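Okay, thanks for coming, everyone. I've got one structure to walk you through today, so let me put it on the screen.

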Amino acid sequence: MRIRDVYRLLKERVDVRRRLLSRPKTTQDGFLFAGKKDCFHNEWESSDRRFVNKMMPRIDVFINFGAHHGYYCCLALKFGIRVIAFEPSQENCAMIAKNVRANKFGTNFSLFPVAVSNKNGLGVLGGLSRSTESLIRGFSDHYHLKSRTVPVHIIDDVIPGHIVHGKKTLVLMDIEGSEAHALEGAGTLLRHAEPKPVWIIEVFPCKEYDGYNPVPRVFQIMRDSGYSPYLFDDEFESGLKQVSFENLIDNKGDVESWALTGGNIVFSAHGMEQLLN
């Protein structure tokens, strides 16, 4: 192993320990949190946070796939919303537990230390917690440095229909390249839940990982399930603009502005009314 890689692994261990020992501080959204410094800057995911804050008073259930350190989980718990979180990294799960305890949340909170995909079993999670961890080989630049076996589950098997039936639900999915695989196992949430949830899904355009490009499949699944896509855009009064699936996959269309959103796309099955009213 190269000296540079040994240094990265040692720094990873130090960073994990430091985060676990750090004292939670108050965020701009009004709860205690320990995590990356970026999370305490107003510019950090400003459009995402503004939209989620706007949605929170209108929803009953918040589901977070790839919860990382639990920022959005704590935000939802602050509103008294039921939260279901999925996070396969042990280090990140420890941080989520730390942040939830710091705020004395917990009665409406469930944490599943598993990854989600299109199969049940085991998968290999590669990468560093301080950068990117993914089930997809090649997604993380540091995939080869650190890998571990994690449990993998189909979403339909871990979220039964009665959890969301009759509930207004917001789903945030940030699972580093595994979005299409996860959506293939989410038929209940996508097609049978009523009302249909609003989804925020992180997908980065025009990338291929180990011969696999998740983007076209993600759009196909969402379109076939009756959803329309929206991009964050502060120039619009609503903060969102509706786009077509064709424009999203057209390199000469909205791909540049899409990339600037951080890869997050909002999907609604009931139009702008569901997002704003």
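Before anything else, one term: when I say buried, I mean under 20% relative accessible area. Also keep in mind that this is a predicted model.

With that cut-off, let's start at strand E12, residues 228-232. Four of its five residues are buried, so the rest of the structure largely encloses this strand. And who are its neighbours? On one hand there's strand E14, residues 264-268, which pairs with E12 in the antiparallel sense over four bridges. If you want to find that pairing on screen, look for Leu231, whose bridge partner in E14 is Ile265. Then there's strand E13, residues 240-242, also antiparallel to E12 and joined to it by three bridges. There, Phe232 has Leu240 of E13 as its bridge partner.

Next up, salt bridges. How many does the count come to? Four, by the rule used here. I'll take you through some of them.

Asp29 and Arg49 meet through their side chains, at 3.2 Å from N to O. Asp29 sits in the loop between strands E1 (25-26) and E2 (32-33), while Arg49 is in helix H2 (residues 46-55), so to speak a link between distant parts of the chain, 20 residues apart. Are these two buried or exposed? Both Asp29 and Arg49 are buried.

Then we have Arg148 with Glu133, and I'd have you look at the number here: 1.8 Å, N to O. Arg148 belongs to strand E9 (residues 147-154) and Glu133 to strand E8 (residues 133-134), so this pair ties together parts 15 residues apart in sequence. Both Arg148 and Glu133 are buried too.

Glu184 and Arg217 make another salt bridge, with their closest N and O atoms 2.9 Å apart. This one ties together parts that are 33 residues apart in sequence, because Glu184 is in helix H6 (residues 179-184) and Arg217 in helix H8 (residues 214-224). Here the exposure goes another way: Glu184 is partly exposed, at a relative accessible area of 35%, and Arg217 also counts as partly exposed, at 30%.

Quick stop at helix H4, residues 90-102. Its 13 residues reach 18 Å from first C-alpha to last, close to the 18 Å you'd expect at 1.5 Å a residue. The buried residues in H4 are Asn92, Cys93, Met95, Ile96, Lys98, Asn99 and Val100. After the helix comes Lys104, which has a positive phi, near 60°.

Last topic, and probably the one you'll want to poke at: pockets. The largest has a volume of about 830 Å³. It's lined by 38 residues, and the closest to the centre are Gly66, His68, Asp174, Glu176 and Glu202. Which elements give two or more residues to that lining? They are H2, helix H3 (71-78), strand E6 (115-117), E8 and strand E11 (198-202). By class, the lining splits into 17 nonpolar, 13 polar and eight charged residues.

The second largest pocket holds about 310 Å³ of space. Its lining has 13 residues, and closest to the centre are Arg18, Arg19, Gly35, Lys36 and Lys37. Helix H1 (residues 3-21) provides the largest share of that lining, three residues. As for class, this lining has eight charged residues, three nonpolar and two polar.

That's my tour, so over to you for questions.

Conventions. Residues numbered from 1 in each chain as written. Predicted model: local features only at pLDDT ≥ 70, side-chain atom pairs only at ≥ 80, totals over all residues. Heavy atoms only, no water. Expected span 1.5 Å × (residues − 1). Buried < 20%, exposed > 50% of the residue type's maximum accessible area, 1.4 Å probe, protein only. Pairing = 2+ DSSP bridges. 1 Å grid on protein atoms, 1.4 Å probe; cavity = no way out; pocket = protein on both sides within 12 Å on 5 of 7 lines; lining within 4 Å. Points joined across faces, edges and corners; volume = space filled by probe spheres on them. Nonpolar A, V, L, I, M, F, W, Y, C, P; charged D, E, K, R; others polar.
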